[in-house]
Amino acid sequence: RSAGVSPALGARAGETPALQSTINIRGQDFRFDPDHRLFEAIGGRTQFGLYRDDFGNWFGNNNSTWLWHHFFPVPYLSRNPLLPLKTTKRTLANYAAATRCFPISRTLSRFNDPYAANHVTSANSPVPYRDELFGQEFATSIFISEPVHNLVHREVLEPDGVTFKSHRATDETNSEFLASSDNWFRPAMLKTGPDGALYVADMYRLVIEHPEWIPKEMQKRLDLRAGADKGRIYRVVPEGAPLRRIPNLAKLTSAELAAALDSPNGWQRDTAQRLLLERGDKSVAAVLEHHAKSAKDAKVRIQALWTLRGLNALSSELLLAALKDSSDAVREQAVKLSENFARIGAPASSTARSDVPVQRAVLEAGAPITESLLAFVADASPRLRYQLAFTLGEWNDPRAADALLKLLHDSDENIRNAALSSAPRHAKTLLALIEKLPAEDKARVHLQMLQKLAANPPASAAPVQVIDRTSALTPDQKAERAKILARYADVSKLPGDSKSGAELFKANCAQCHRLKGEGTEVGPDLGMMSGKPAEQLVEAILNPNAAVEARFQNFSATLKDGHETSGIIVSETPTTLTFRAPNKADETILRGDLKELSTSGLSIMPEGLESAFTPQQLSDLIAFVTGR
């Protein structure tokens, strides 16, 4: 995410990243501004990039998960290193059989196929549809490509508090938005085009899996590069729908660009905004103000406001009008935009941008904006209250503490956490207010945190540097593993007893793996092994470090009080790390309590399992795992 593309929709208003020589991006995404040579770590780690809708929501996913929503902005969370928030994202598509997909291509034996055939295994490119060409029923749709099964899936969002739920479209309960009978069809990226169409980049390959997950013997029987000289781009449109003309925005004057911002097409608005910000031409302010007040589409009004902000031309009068807009979404963004007015005139330790011109008129505008914002504490929109809870942490106004106290009683836990992220600036006042409340008041549960914040306001938790203790296997160790694998080379030829394998699974595997509803999810669900060749499973069991997926690497942590823990890191935020290990509950620790974090680079699955299984027992186990 470049800071130059719709910067405000993805960032806190008025904030410029501090210049540092080294920035830790572990567990995070990043963005950069090439013009000013700025680089910043931000929230939103995903496997295949982040995607924004028209209202500032960011979405991501990974191979085996259709979609998630990054609902808790990391810059706000970073303000309070004592807030033990385990995750900043919510996984969507949680309905029954959500991982199921419906290809129309011939089912092939795959090499890396989680949850067995016809279940999501390669989800990527979760793109919100940002146009009106497809009709109103697609207004909240997100398209997701699934190249292993040769299809494009669709999830439909529905609001759920400060975030979303999602479901299949009613006419796609047993089908997909787009599917091909060609097994080489590999949709690898999706985009809403300038004409309103959905564009699909088809990688077009025989093999889509990463070679390191395919046994060497299988690789010899495959042409891993088949299709390297091919590839296609499809344009998907509703039948008979007239495509919008694609303008060359770079040739337009600034006034014409400002006019072009009033468009239902997300690409056109983003591009017009970027070009206007690059030019820095404030002469278009009047046109943008007209859009912000009068544009029919709330998406246009929001983008006009942020474009004015990017040009340092957003007036307090216009912001006050936006705070009274008929759209909850516009008012939510106006609350966020108000932070710049709160920061101006703040102490030097604040995050105010030094390049924002400070004018007396702007300083005086803070009072009426404050009055408008205070009225939102009891607003019906949970998303608006959520943003207000974040924004209060940028204020110096003492009334912010009173408002935060009310939000600490909100029925939505996410809103309460947002209020706690704002606590450091107002800790002493909040503490005094809460101490006056009855002992049974639920806001009092935060007393200990507030006492620590008030006594010694902490800086944000320092990035945790991971000590890499990885050591390559010696030639002798590799040779020893090869000998062990040779002893089990005939396992695939032995008839397996699934009933015996079930007992072996319970005794040796269930403490780390789930299968058919049994066991513990530390390592991968073994349902993903169905259909895999026995030779591959033998290697995975007896040589687990041949190919280690990053999420299953083992980490060790030492805390400042001497406590030690280890396991895989299942979740991390700017304030916490959550560890998972066999035979114990997940453990969440604050980053500020860490003394050392290290990794061996090895899998959490131990070597030496050959001592637990004879070749026949391993055949039995594989028969149970694969259902053969």
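In this predicted model, Asp 195 has a relative accessibility of 2% and counts as buried, because the limit for that class is under 20%. Asp 195 sits in the loop between strand E12 (187–192) and strand E13 (198–202). Its contacts, with residues up to four places away in sequence left out, are Leu 133, Arg 235, Leu 243, Arg 244 and Ile 246. One of these, Arg 235, meets the side chain of Asp 195 in a salt bridge with an N to O distance of 3.5 Å. That pair links distant parts of the chain, since Arg 235 belongs to strand E14 and the two residues are 40 apart. The side chains of Asp 195 and Arg 235 also count as joined by a polar contact of 3.5 Å.

**Salt bridges**

The model has 27 salt bridges in total. Three of them are listed here.

| Acidic residue | Basic residue | N to O distance |
|---|---|---|
| Asp 131 | Arg 244 | 2.7 Å |
| Glu 176 | Arg 168 | 2.8 Å |
| Asp 195 | Arg 235 | 3.5 Å |

Asp 131 and Arg 244 form a salt bridge in which the closest N and O atoms are 2.7 Å apart. Asp 131 is in the loop between strand E7 (124–128) and strand E8 (141–146), and Arg 244 is in the loop between strand E14 (232–236) and H3, so this pair ties together parts 113 residues apart in sequence. Is Asp 131 buried or exposed? Asp 131 counts as buried, at 7% relative accessibility. Arg 244, with a relative accessible area of 27%, is partly exposed. Arg 244 is also among the residues that Asp 195 touches. In the pair of Arg 168 and Glu 176, both residues are buried.

Arg 52, Asp 54, Arg 130, Arg 269 and Asp 270 are joined into one network by salt bridges that share partners.

**Helix H4**

Arg 269 and Asp 270 from that network are also among the buried residues of H4. This helix covers residues 266–279, 14 in number, and spans 20 Å from the first C-alpha to the last, close to the 20 Å expected at 1.5 Å a residue. The other buried residues of H4 are Gly 266, Gln 268, Thr 271, Ala 272, Gln 273, Leu 275 and Leu 276. Their cover includes strand E3 (51–52), helix H3 (254–260), helix H5 (285–294) and helix H6 (298–310).

Which residue caps the N-terminal end of H4? Asn 265 does, with a side-chain oxygen 3.1 Å from the backbone nitrogen of Trp 267. After the helix comes Gly 280, whose phi is positive, near 65°.

**Val 491**

Val 491 lies in the loop between helix H16 (475–487) and helix H17 (498–508). With a relative accessible area of 3%, Val 491 is buried. Apart from neighbours within four places in sequence, Val 491 is in contact with Val 538, Pro 615, Leu 618, Ser 619 and Ile 622. The C-alpha atoms of Val 491 and Thr 614 are separated by 9.4 Å, although these residues are 123 apart along the chain.

**A nonpolar surface patch**

On the surface, Ile 25, Phe 30, Phe 32 and Phe 39 make up a nonpolar patch, which together has about 300 Å² of accessible area. Phe 30 is located in strand E1 (residues 29–33). The relative accessible area of Phe 30 is 30%, and this residue is partly exposed.

Notes:
Residues are numbered from 1 along each chain as its sequence is written. This is a predicted model: local features need pLDDT of at least 70, side-chain atom pairs count only at pLDDT 80 or more; totals for chains, interfaces and linings use all residues. Side-chain values use heavy atoms; hydrogens and water are left out. Patches are made of residues with over 30% relative accessible area and no salt bridge: like charges are joined within 9 Å, nonpolar side chains (Val, Leu, Ile, Met, Phe, Trp, Tyr) within 5 Å. Accessible areas come from the Shrake-Rupley method with a 1.4 Å probe; for residues, only the protein chains shown count as cover. A salt bridge is a side-chain nitrogen of Lys or Arg within 4 Å of a carboxyl oxygen of Asp or Glu. Helices (H or I, at least four residues) and strands (E, at least two) are DSSP runs, numbered from the N terminus. Buried means under 20% relative accessible area, exposed over 50%, partly exposed in between (1.4 Å probe, protein chains only). A polar contact is a pair of N or O atoms within 3.5 Å; within protein, one must be able to donate a hydrogen and the other to accept it, and residues adjacent in sequence count only if both atoms are side-chain atoms. Contact means heavy atoms within 4.5 Å. The expected span of a helix is 1.5 Å times one less than its number of residues.
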